[in-house]
Amino acid sequence: MVFFNDCNVVINGDGILAQDASISSNNTLTDAKFLGQKNASHKITSGPITNKVSISYVPNFEADPVLDFLELYREDTTLFNPFVVSVAGISGSFYLQSCSLKLASNNNLQSNLNFTSFNALSGDITALTPTISTSIATKEHLNNSWTTIFQQDGAETSNNVFEFSYNSEFDFKPNYILGKMEPVSVSFFGSKEDISLNLDLYKNIDISGQLAENYLEDINVVDLKVLASSYSIFYDAFTKSIPITGMSVVDTKVDARLDDIVRVSIILSKEY
């Protein structure tokens with residue numbers, strides 16, 4: 001048996017601070033039914049074998065393979081390449097399907113990743129030598145609500161932002177030919193980024209398709225900048241930014257509830 005403290009979760013050779021991880025495989029089958037028979041005689045193939053990895057983890061801004069990839073991808077969308085992902089010794093080549101970040105007041109930043117693979121996996125459940133550096137697991141490298149700021153023209157905004165969430169999704173399709181079980185290639189068709197902000201300021205949407213930078217300029221929120229820090233000491237070397245330039249405002253909502261302040265939710269979106 002392998003216990004959790006001997007289980008590694010590795011992406012492109014980097015160990016991450018995972019809290020949950022799973023690998024699932026699906027063999028797409030359907031019932032074979034024919035005239036003259038009441039019940040299905042057997043199962044037949046109705047789609048490819050797919051493997052999926054789901055990971056919940058605490059991001060580390062000093063060395064995070066997925067967040068580093070997202071920064072590069074925003075600059076060059078042709079850089080969509082598979083990741084080598086390993087969970088408890090079982091590994092494979094996976095395409096990133098989605099990445100989400102969520103941060104609420106007085107909480108650590110949490111991330112969820114979903115990967116998909118159309119190729120065979122390798123390895124067995126194995127107790128591995130830890131691949132996470134001791135320094136990475138210290139509080140100086142973990143991101144939380146009090147080290148997250150919003151910026152306006154490079155300076156911290158004075159507005160109250162209670163929480164935010166981020167989600168990116170990637171659209172791809174495997175290409176199969178006759179005589180082969182695995183795809184000969186995988187085509188990438190684009191992606192989408194969404195940001196949800198919860199704050200206490202409201203502004204009406206002026207025009208259809210209004211850009212986020214114009215909408216948020218009046219309430220002094222332009223770029224989200226997340227700083228890794230130990231309590232109140234900022235370490236700029238570990239900074240990550242999520243730009244809103246080019247995003248559109250797709251939804252606003254004002255919530256008034258008992259025993260709470262009035263909150264405003266804003267959802268921004270951009271397609272690549």
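Start by selecting F4, which is exposed at 75% relative accessibility. Keep in mind as you look around that this is a predicted model. You'll find F4 in the segment before β1. Now add M1 and F3 to the selection: together with F4 they make a nonpolar patch on the surface, and the accessible area of the three comes to about 510 Å².

Next, move along to N12. This residue sits in the loop that links β1 (9-11) to β2 (14-15). Check its backbone: phi is near 50°, a positive value, and N12 is not a glycine. Most residues other than glycine have a negative phi. N12 counts as partly exposed because its relative accessibility is 39%, between the 20% and 50% cut-offs.

For another positive phi, jump to D259, where the angle is near 60°. Look for D259 in the loop between β16 (248-255) and β17 (263-271). D259 has a relative accessible area of 85%, over the 50% cut-off, so it counts as exposed.

Now head inside. How many cavities of 30 Å³ or more does the structure hold? There are three, and the largest has about 120 Å³ of space. To centre your view on the largest cavity, select L67, L101, K240, S241 and I242, which lie nearest its centre among the 13 lining residues.

Which element gives the largest share of that lining? That's α1, with four residues. Colour α1 (65-75), β10 (161-175) and β15 (240-243), since each of them supplies at least two lining residues. Finally, colour the lining by class: you should get nine nonpolar residues, three charged and one polar.

Key: Residues are numbered from 1 along each chain as its sequence is written. This is a predicted model: local features need pLDDT of at least 70, side-chain atom pairs count only at pLDDT 80 or more; totals for chains, interfaces and linings use all residues. Side-chain values use heavy atoms; hydrogens and water are left out. Buried means under 20% relative accessible area, exposed over 50%, partly exposed in between (1.4 Å probe, protein chains only). Patches are made of residues with over 30% relative accessible area and no salt bridge: like charges are joined within 9 Å, nonpolar side chains (Val, Leu, Ile, Met, Phe, Trp, Tyr) within 5 Å. Accessible areas come from the Shrake-Rupley method with a 1.4 Å probe; for residues, only the protein chains shown count as cover. A salt bridge is a side-chain nitrogen of Lys or Arg within 4 Å of a carboxyl oxygen of Asp or Glu. On a 1 Å grid over the protein atoms alone, a cavity is a set of points where a 1.4 Å probe fits but cannot get out, and a pocket is an open set with protein on both sides within 12 Å along at least five of seven lines; lining residues have an atom within 4 Å of a point. Grid points are joined across faces, edges and corners, and a volume is the space filled by probe spheres set on the points. Ala, Val, Leu, Ile, Met, Phe, Trp, Tyr, Cys and Pro count as nonpolar, Asp, Glu, Lys and Arg as charged, and the others, Gly among them, as polar.
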